[in-house]
Amino acid sequence: MAKFVCDVEQVISAGDKLVSMASDLQSAVSNYSGTVTSDLASWDGSAKTSFTKQCDAQVALAQANAEEAQKIGEFIKSAAQAIQSLDDELAALNI
């Protein structure tokens with residue numbers, strides 16, 4: 001029978017890194033959005049409207065991607081913990 005080994009600590013570390021990256025991305029996008037909005041305050045007309053619309057769409061997309069990455073990172077961590085828990089339960093069985 002094949003034996004599969006999961007290095008739970010490595011998997012949890014990878015999940016933590018993904019969550020951290022997602023948090024950094026959310027922060028960077030928020031800072032970018034604030035700066036662009038501030039810089040556009042002096043603009044007027046259709047150029048401002050068009051640019052603002054495109055910028056808002058890109059900010060929303062980046063935020064959605066960051067949220068998705070955070071959810072994936074959290075899922076990876078919970079899956080690794082579930083694998084570890086199941087492995088511990090199986091190891092405790094007396095067959």
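These legends walk through several close-up views of one predicted model. In this predicted model, local features need pLDDT of at least 70 and side-chain atom pairs count only at pLDDT 80 or more, while totals for chains, interfaces and linings use all residues. Residues are numbered from 1 along each chain as its sequence is written, and side-chain values use heavy atoms, with hydrogens and water left out.

**View 1. Helix 1 and helix 2, end to end.** Helices here are DSSP runs (H or I, at least four residues), numbered from the N terminus. Helix 2 takes in residues 46-92, 47 residues in total. What span should we expect for helix 2 at 1.5 Å a residue? The rule is 1.5 Å times one less than the number of residues, which gives 69 Å for helix 2, and its end C-alpha atoms are indeed 69 Å apart. Helix 1, with 32 residues, should span 46 Å, and its end C-alpha atoms agree at 46 Å apart.

**View 2. The buried residues of the two helices.** Buried means under 20% relative accessible area, exposed means over 50%, and partly exposed is in between (1.4 Å probe, protein chains only). On helix 2, the buried residues are Cys55, Val59, Ala66, Ala69, Gly73, Lys77 and Ala80. They pack against helix 1, residues 8-39. On helix 1, look for Val8, Gly15, Val19, Ala22, Val29, Ser33 and Val36 as the buried residues; helix 2 is included in what covers them.

**View 3. A salt-bridge network around Lys77.** A salt bridge here is a side-chain nitrogen of Lys or Arg within 4 Å of a carboxyl oxygen of Asp or Glu, and the count comes to two. One of them joins the side chains of Lys77 and Asp16, at 2.9 Å from N to O. Lys77 sits in helix 2 and Asp16 in helix 1, so this pair ties together parts that are 61 residues apart in sequence. Glu74 also bridges to Lys77, with the closest N and O atoms 3.7 Å apart. Those two both belong to helix 2, three residues apart, or about one turn of the helix. Put together, Asp16, Glu74 and Lys77 make a linked network. Lys77 is buried at 16% relative accessible area, whereas Asp16 is partly exposed at 37% and Glu74 is partly exposed at 36%.

**View 4. Ile76 and its contacts.** Ile76 is another residue of helix 2, and this one is partly exposed, with a relative accessible area of 28%. Contact means heavy atoms within 4.5 Å. Setting aside neighbours within four places in sequence, Ile76 touches Val11, Gly15 and Leu18. Between Ile76 and Val8 there are 10 Å in space, C-alpha to C-alpha, though they are 68 residues apart in sequence.

**View 5. An aromatic pair.** Rings of Phe, Tyr and Trp (its six-membered ring) pair if their centres lie within 6.5 Å; planes under 30 degrees apart count as stacked, over 60 as edge-to-face and the rest as tilted. The whole structure yields one such pair. It is Trp43 with Phe51: the ring centres are 5.7 Å apart and the planes are at 50°, so the pair is tilted. Trp43 is partly exposed at 40% relative accessible area, and Phe51 is partly exposed at 38%.
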